[in-house]
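Me: I am new to this structure and would like to understand how the labels attached to it are justified. Could we go through them one at a time, setting each value against its rule?

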Amino acid sequence: MNVLLCSINTLKRLYDISAVEVGQHFYWQIGGFQVHAQVLITSWVVIAILLVSAIIAVRNPQTIPTDGQNFFEYVLEFIRDVSKTQIGEEYGPWVPFIGTMFLFIFVSNWSGALLPWKIIQLPHGELAAPTNDINTTVALALLTSVAYFYAGLSKKGLSYFGKYIQPTPILLPINILEDFTKPLSLSFRLFGNILADELVVVVLVSLVPLVVPIPVMFLGLFTSGIQALIFATLAAAYIGESMEGHH
């Protein structure tokens, strides 16, 4: 009986940790603005992880790379390949932007899956991946939209806006609407997939033993990486499209 009670209590604690609080936030007042504190905290953790990784990567580079240097060089080559494939020969200046998007989303998603955020109690809401908040995904999508317009304007000047009346001025409203839906699509695609993955795990934990949800959590790690790749690829594709000047 004691063993059974102990097992029930253990499962209850695991269930509590896996629970998702919807619609509750821990707020800070900064300069008259109300911000989601839990998103800032987890974002700072993700940024700290990336900064520490970057410092380690450039601290002592070797002519013959070691295992750690090989890993960082592989990540850089991967990001460069994504940028070059989508943007073209002028991809160089955009590698830092695409890389920042990919790495921030990737580390954010994995931190939400691997780090025990829910053990840390807040007055309201809970700590989770920064990308689990739609404000974060909207901000990333808007940054992509700004980069998209900047790329087109920096290359073509004001003639960039001529694309809105091509191939016929009748399509002007549709072409404008397309540019507005691009960041919206990026934002909701990323937010929806991350939230759906967490909800699936919560439902499985409540319905079946823990043995089944654990493999699903590992599958979530894979899909989280795919979401980061999709976002970065689409961002690079939009930038390349604006520089080429055609749809």
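Reply: Let us begin with a rule that the next step needs: a salt bridge is a side-chain nitrogen of Lys or Arg within 4 Å of a carboxyl oxygen of Asp or Glu. Please keep in mind that this is a predicted model.

Me: What makes the contact between the side chains of E77 and R80 a salt bridge?

Reply: The N to O distance between the side chains of E77 and R80 is 3.4 Å, and the rule asks for a nitrogen and an oxygen within 4 Å, so the pair qualifies as a salt bridge. Both residues belong to helix α3, which covers residues 67-87, and they sit 3 residues apart, about one turn of the helix.

Me: Why are E77 and R80 called partly exposed?

Reply: The label is used for relative accessible areas that are neither under 20%, which would be buried, nor over 50%, which would be exposed. E77 has a value of 38% and R80 a value of 32%, so both residues fall in between and count as partly exposed.

Me: How many salt bridges does a search of the whole structure find, and how do you know that K155 and E90 form one?

Reply: The search of the whole structure gives 2 salt bridges. In the pair formed by K155 and E90, the closest N and O atoms are 3.0 Å apart, and because the cut-off is 4 Å, this pair meets the rule as well. K155 lies in helix α5 (residues 134-156) and E90 in the loop between α3 and α4, so the bridge ties together parts that are 65 residues apart in sequence. K155, with a relative accessible area of 44%, and E90, with 42%, are each partly exposed, since neither value is under 20% or over 50%.

Me: Why is α4 described as roughly antiparallel to α5?

Reply: The axes of the two helices come within 12 Å and cross at roughly 170°. Angles over 145 degrees count as roughly antiparallel, so the description of α4 and α5 follows from their crossing angle. On the α4 side the contact is made by F97, M101, F104 and I105, and on the α5 side by T136, L140, L143, T144 and A147. Sorted by class, this contact has 7 nonpolar residues, 2 polar residues and no charged ones.

Me: What makes W28 partly exposed rather than buried or exposed, and which residues does it touch?

Reply: W28, which lies in strand β1 (residues 27-30), has a relative accessible area of 27%; buried would require a value under 20% and exposed a value over 50%, so W28 is partly exposed. Leaving aside residues up to four places away in sequence, W28 touches F33, Q34, V35, A37, L40, I41 and W44. For L40, one of these, the C-alpha atoms are 9.6 Å apart in space, while the two residues are 12 apart in sequence.

Me: Which residues does the UniProt annotation "transmembrane region" cover, and what is the helix content of residues 94-114?

Reply: According to the unreviewed UniProt entry, the annotation covers residues 35-58, 94-114, 134-153, 190-212 and 218-239. In the model, residues 94-114 are 95% helix and 0% strand, with end C-alpha atoms 30 Å apart, while residues 35-58 are 92% helix and 8% strand, with end C-alpha atoms 34 Å apart. The protein chain comes to 7 helices and 2 strands, and of its 247 residues 35% count as buried.

Conventions: Residues are numbered from 1 along each chain as its sequence is written. This is a predicted model: local features need pLDDT of at least 70, side-chain atom pairs count only at pLDDT 80 or more; totals for chains, interfaces and linings use all residues. Side-chain values use heavy atoms; hydrogens and water are left out. Helices (H or I, at least four residues) and strands (E, at least two) are DSSP runs, numbered from the N terminus. Buried means under 20% relative accessible area, exposed over 50%, partly exposed in between (1.4 Å probe, protein chains only). Axes are lines fitted to C-alpha atoms, for helices over the stretch in contact, and angles run from 0 to 180 degrees between N-to-C directions. Angles under 35 degrees count as roughly parallel, over 145 as roughly antiparallel, 65 to 115 as roughly perpendicular and the rest as oblique. Contact means heavy atoms within 4.5 Å. Ala, Val, Leu, Ile, Met, Phe, Trp, Tyr, Cys and Pro count as nonpolar, Asp, Glu, Lys and Arg as charged, and the others, Gly among them, as polar. UniProt positions are given in the numbering used here, feature names are shortened, and annotations may be inferred rather than shown by experiment.
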